[in-house]
Amino acid sequence: MPGWIEQVYLERVGWDHLEQLCNIDNRLPGTDGEKSAAKATERTFDEFDAVETVVETFDILRWEREKCRLSGIIDYSGFEAVALPRSPSTMASGPVIDLGYGMPSDFEEEAIENAIVLVRSDNSPDSSRTIHRREKYCRAVSGGAAGFIFQHHKSGCLPVTGSIGTDSSPIGKIPAVGTSKELGERLRRTNGQELELSVSCHTSYETSRNVHAVMGPDTEKEVIVVAHMDAHDICSGAVDNASGVATLVEIAAALNRRINELETQVRLVAVGAEEVGYVGSDHLADRMTDIKTVVNIDSVAARPSLQFMTNGFEPFGPAVNNVLDRTGTSGVIIEKQQPYSDHWPFVKRGIPGLAVTNTPPAGGRSWGHTPADTLDKVDQRCFVDHAIALTELIVEIANDEFKIDSKTPSEIAQLLVQDGAAAGLRAVDEWDFE
Ligand SMILES: [Zn+2]
């Protein structure tokens, strides 16, 4: 067994880092917790001889929750309802209108003006594309709704969270609350009766960070690997995405021993502020030139199978297949655009980007964005297997024999239209193309 593989199995550098991140209470962008995660990651990167560590900072709007209450038909201020980050601090009342999955057609069929819209967090099985939470929220706002309730689709009294703001549109227009499946079902049974939503929160401008570990030869182009350090405040963010950052650390440890095999410079970047619209990675994409490829690791090691989305860059498929075969890792390759998470700021600029995540269970997201995203959901054996496969993949795409071309932004726009993903970006006013 090569020494670097033995090291991944026995030294637990990545797993120790994962535990450290999960012991931090709140890693929402701009908080002290996110800063501690960045410090811990910088310290860990510094331990590797072959790494040059760089930290960059940028401004971010910090949003902190205070109270959240539902009253009227029911009176509720318990743990099964939480304000969605970037909700405004305000109250609203109106009849509850149930829009089911909250597909675009659901919004076309019902009058929602001045109503409190209730939608599930998952997508209809008939939907050919991902309908993101922000798309449902923006459709509620455009339809004149007074408030927005996002109901978790899985049982277990777990409220679901997720930001409704981004860097360009930091605070939403109407109050937004995430509920458990059970509380949402109760609201669904009161369809049409008046409910009052009240959200209070605090905002301030703070600093977020990207922590870079630069390795390998000084070449003109480089391979960038990103994973976001921030997480939601209602959970440990173990799978989403301490798992990705810990994998990045394990890759750094492995490449530290394989440094002579790298033919292109590799820049591993633990980025901040993904959960509020990929702000750290957008900051990075804005500054870096001469990028060969970007690989984004977001939510791995919870289950054996990995999913690789190529965003229409064909050379990724054979490279991933080679590595999966060689390492005996199970995985699926999807040759589609996936305009969500940290590869997107690069892909929309035409840079080849690969999105790596756990293959989602039927019905979508698992424990992520709920209080149950805790350390016990990360599997140690999957963690080791994924770290080994992804290290192999990075070495392979850093190899001179791996050739991949950038696309123009208009080619990306065409692919988005072809894949049906354009409508979702237009609905949230993030269609950054002509
Ligand atoms: Zn994530």
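These notebook entries record what I looked up in a predicted model.

**Entry 1: the zinc site**

I began with the protein donors of the zinc ion, which are His228 through NE2, Asp240 through OD, and Asp298, listed twice through OD. These donors lie 1.9 to 2.6 Å from the zinc ion. I then looked up the angles that the four donor atoms subtend and found a range of 52 to 144°. The arrangement is therefore irregular; a tetrahedral label would have required all angles to lie between 85 and 135 degrees.

Along the chain, I noted the donor spacing as H-x11-D-x57-D. The two aspartates link distant parts of the chain, being 58 residues apart. I placed Asp240 in helix H7 (residues 238–257), and Asp298 in the loop between strand S10 (291–297) and strand S11 (306–309). Are these two aspartates buried or exposed? I recorded Asp240 and Asp298 as buried.

**Entry 2: the loop after Asp298**

I next followed the chain to Ser299, which is in the loop between S10 and S11. Its relative accessibility is 15%, so Ser299 counts as buried. Setting aside neighbours within four places in sequence, I listed the contacts of Ser299 as Val239, Asp240, Asn241, Ser243, Thr357 and Asn358. The zinc donor Asp240 is thus entered here as a contact of Ser299.

Val300 also lies in the loop between S10 and S11. I found a relative accessible area of 0% for Val300, which is why it is classed as buried. Which residues does Val300 touch, not counting those up to four places away in sequence? I noted Val239, Ser243, Gly244, Thr247, Leu306, Val356, Thr357, Asn358 and His386. I also looked up the C-alpha separation of Val300 and Ile397, which is 20 Å, with these positions 97 residues apart along the chain.

**Entry 3: salt bridges**

How many salt bridges does the structure hold? I recorded 22. Side chains of opposite charge can pair when their charged atoms come close. I looked up several pairs individually.

Glu64 forms a salt bridge with Arg62, with the closest N and O atoms 3.5 Å apart. Glu64 counts as partly exposed because its relative accessibility is 28%, whereas Arg62, at 15%, counts as buried.

Glu261 pairs with Arg258, and here the closest N and O atoms are 2.8 Å apart. I noted Glu261 as partly exposed, given its relative accessible area of 39%, and Arg258 as buried, given its relative accessibility of 7%.

Lys348 and Asp432 meet in a salt bridge with an N to O distance of 2.8 Å. This pair links distant parts of the chain, 84 residues apart. I placed Lys348 in the loop between helix H10 (344–347) and strand S13 (353–358), and Asp432 in the segment after helix H13 (422–427). With a relative accessible area of 48%, Asp432 is partly exposed.

I then checked for shared partners and found that salt bridges join Arg258, Glu261, Arg326, Glu392 and Glu396 into one network.

**Entry 4: a nonpolar surface patch**

Lastly, I looked up a nonpolar patch on the surface, formed by Met1, Tyr9 and Leu10. Together these residues have about 370 Å² of accessible area. I located Tyr9 in helix H1 (residues 3–11). Tyr9 counts as partly exposed because its relative accessibility is 33%.

Notes:
Residues are numbered from 1 along each chain as its sequence is written. This is a predicted model: local features need pLDDT of at least 70, side-chain atom pairs count only at pLDDT 80 or more; totals for chains, interfaces and linings use all residues. Side-chain values use heavy atoms; hydrogens and water are left out. Donors are N, O and S atoms within 2.8 Å of the metal (3.2 Å for Na, K and Ca); water is not among the atoms, so sites may look incomplete. Four donors count as tetrahedral if all angles lie between 85 and 135 degrees; four count as square planar and six as octahedral if opposite donors are over 155 degrees apart and all others between 65 and 115; anything else is irregular. Helices (H or I, at least four residues) and strands (E, at least two) are DSSP runs, numbered from the N terminus. Buried means under 20% relative accessible area, exposed over 50%, partly exposed in between (1.4 Å probe, protein chains only). Patches are made of residues with over 30% relative accessible area and no salt bridge: like charges are joined within 9 Å, nonpolar side chains (Val, Leu, Ile, Met, Phe, Trp, Tyr) within 5 Å. Accessible areas come from the Shrake-Rupley method with a 1.4 Å probe; for residues, only the protein chains shown count as cover. A salt bridge is a side-chain nitrogen of Lys or Arg within 4 Å of a carboxyl oxygen of Asp or Glu. Contact means heavy atoms within 4.5 Å.
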